[in-house]
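Colleague: I'm new to reading structures, so could you take me slowly through one spot and then show me what else is worth a look? Let's have it on screen first.

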Amino acid sequence: MNTDAQLTERDRSPGPEEGQEQGSRSARFSRPSPRAAWQWVTGGGPLRKTALSLATCIVLLLVVSGFVVQPFLIPSGSMENTLHVGDRVLVNKLAYRFGDEPRRGDVVVFDGTDSFLQDAPSENAVAGLVRRVGSAVGLMEPAGTDYIKRVVGIGGDHVTCCDKRGRLMVNGRPVTEDYLYPGNVPSRVSFDVVVPDGKLWVMGDHRDDSRDSRDHLGEPGGGTVPVDRVIGRADWIGWPFGRITSLKRPGGFADVPEPGGAHG
């Protein structure tokens, strides 16, 4: 039996015309014109317009916070009284992008991975995305690897504490730290370090409530933070309204000599 012939006889429906088939395929896979796309964006009801406006705002906020200025929610009291828990500081991400580097007295936000934190905590992918978006606009706490501290020593500096009068010394010069939390001393733990090139020695203003470079002396890096881990400089307090102010570099470091001078 010739099965091929039988199957051919069974299907007597006319085949599609070549022109029609080609036309339907081109219509099915054709790209919408820019005019049609614009009509879709500008048309529709108020719900679509609201959703598009919201999406546009979120994208712009993420771009600005990712490359220019990012709000940073203060999660602890380690920088009191300069910064309070719940303050939103505006971190200038362009401060060190064009050749400038952190200076003594700057308040900086940095990634503490491999310096303050040897093992980064794991995070669910969805929860991490939500947190990143929330922290980018200052609505949620930053990542557990992000810290905010004051730069006390830069590469080459000899930082010690404390002298006979209980003062912090940088390159043999005592530093007047007017920003310290009332009642705190510069440090209750003695230390004597030379900051490696490309690193920073950082401390919180609330010395009795701050885990900073002093607490990581025995770990890899000796408590110092690589300059390339700095996210940006905290230049302003942007929230709450009653605390809006700029964060200026204190004058206590003005007389500190450059590294290589007297080390005391």
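Is Asn-171 buried or exposed?

Modeller: Before I answer, keep in mind that this is a predicted model. Asn-171 is buried, because its relative accessible area is 1% and the cut-off for buried is under 20%. You'll find Asn-171 in the loop between β6 and β7, with β7 covering residues 173–175. Its backbone deserves a glance too: phi of Asn-171 is near 55°, which is a positive value in a residue other than glycine.

Asp-114 is another residue to look at for its phi. That angle is near 70°, again positive in a residue that isn't glycine. Asp-114 belongs to the loop between β3 and α5, the helix at 125–136. With a relative accessible area of 44%, Asp-114 is partly exposed, because that value falls between the 20% and 50% limits.

Now the backbone around a pair of cysteines. Searching the whole structure turns up one disulfide, and it joins Cys-161 to Cys-162, with the sulfurs 2.0 Å apart. The peptide bond between Cys-161 and Cys-162 is cis, with omega about 5°. Look along the S-S bond and you get 60° about it, a right-handed link. Cys-161 is buried at 5% relative accessibility, whereas Cys-162 comes out partly exposed at 31%. Cys-162 sits in the loop between β5 and β6, where β6 is 168–170. There's also a cis peptide bond between Trp-239 and Pro-240, with omega about 0°; Pro-240 is in the loop between β11 and β12.

From backbone to rings. The model has five aromatic pairs. In one of them, Phe-110 and Phe-116 have ring centres 5.2 Å apart and planes at 85°, so we call the pair edge-to-face. Phe-110 counts as buried because its relative accessibility is 0%, and Phe-116 counts as buried at 5%. Phe-110 also pairs with Tyr-147: here the centres are 5.7 Å apart and the planes meet at 20°, so this pair is stacked. Phe-110 lies in strand β3 (107–111) and Tyr-147 in strand β4 (146–153), so the stacked pair ties together parts that are 37 residues apart in sequence. Put the ring pairs together and Phe-110, Phe-116 and Tyr-147 form a cluster. Another ring has a charge for company: the charged end of Arg-150 sits over the ring of Tyr-179, 4.0 Å from the ring's centre.

Next, the charged partners. The structure has twelve salt bridges, and here are a few of them. Arg-243 bridges to Asp-87, with their closest N and O atoms 2.8 Å apart. Arg-243 is in the loop between β11 (230–239) and β12 (245–246), while Asp-87 is in the loop between β1 (69–73) and β2 (88–92), so this bridge ties together parts 156 residues apart in sequence. Arg-243 is partly exposed at 23%, but Asp-87 is buried at 2%.

Asp-157 and Arg-104 meet in a salt bridge as well, at 2.8 Å from N to O. Asp-157 is in the loop between β4 and β5 (158–161) and Arg-104 in the loop between β2 and β3, so to speak a link between distant parts of the chain, 53 residues apart. Both of these residues, Asp-157 and Arg-104, are buried.

Then there's Arg-233 with Asp-235, whose closest N and O atoms are 2.7 Å apart. Arg-233 counts as buried at 17%, and Asp-235 counts as buried at 11%. Elsewhere, salt bridges with shared partners join Asp-111, Asp-114 and Arg-229 into one network. That brings back Asp-114, the residue with the positive phi.

One last stop: Ala-234, in strand β11. Ala-234 is buried, with a relative accessible area of 2%. Setting aside neighbours within four places in sequence, Ala-234 is in contact with Val-89, Leu-90, Val-91, Val-107, Ile-148 and Leu-247. Try finding Pro-71 as well: 163 residues separate it from Ala-234 along the chain, yet their C-alpha atoms are 9.2 Å apart.

Methods:
Residues are numbered from 1 along each chain as its sequence is written. This is a predicted model: local features need pLDDT of at least 70, side-chain atom pairs count only at pLDDT 80 or more; totals for chains, interfaces and linings use all residues. Side-chain values use heavy atoms; hydrogens and water are left out. Rings of Phe, Tyr and Trp (its six-membered ring) pair if their centres lie within 6.5 Å; planes under 30 degrees apart count as stacked, over 60 as edge-to-face and the rest as tilted. Buried means under 20% relative accessible area, exposed over 50%, partly exposed in between (1.4 Å probe, protein chains only). Helices (H or I, at least four residues) and strands (E, at least two) are DSSP runs, numbered from the N terminus. A charge sits over a ring if NZ of Lys or CZ of Arg is within 6 Å of the ring centre and within 35 degrees of the ring normal. A salt bridge is a side-chain nitrogen of Lys or Arg within 4 Å of a carboxyl oxygen of Asp or Glu. Contact means heavy atoms within 4.5 Å. A disulfide is a pair of cysteine sulfur atoms within 2.5 Å.
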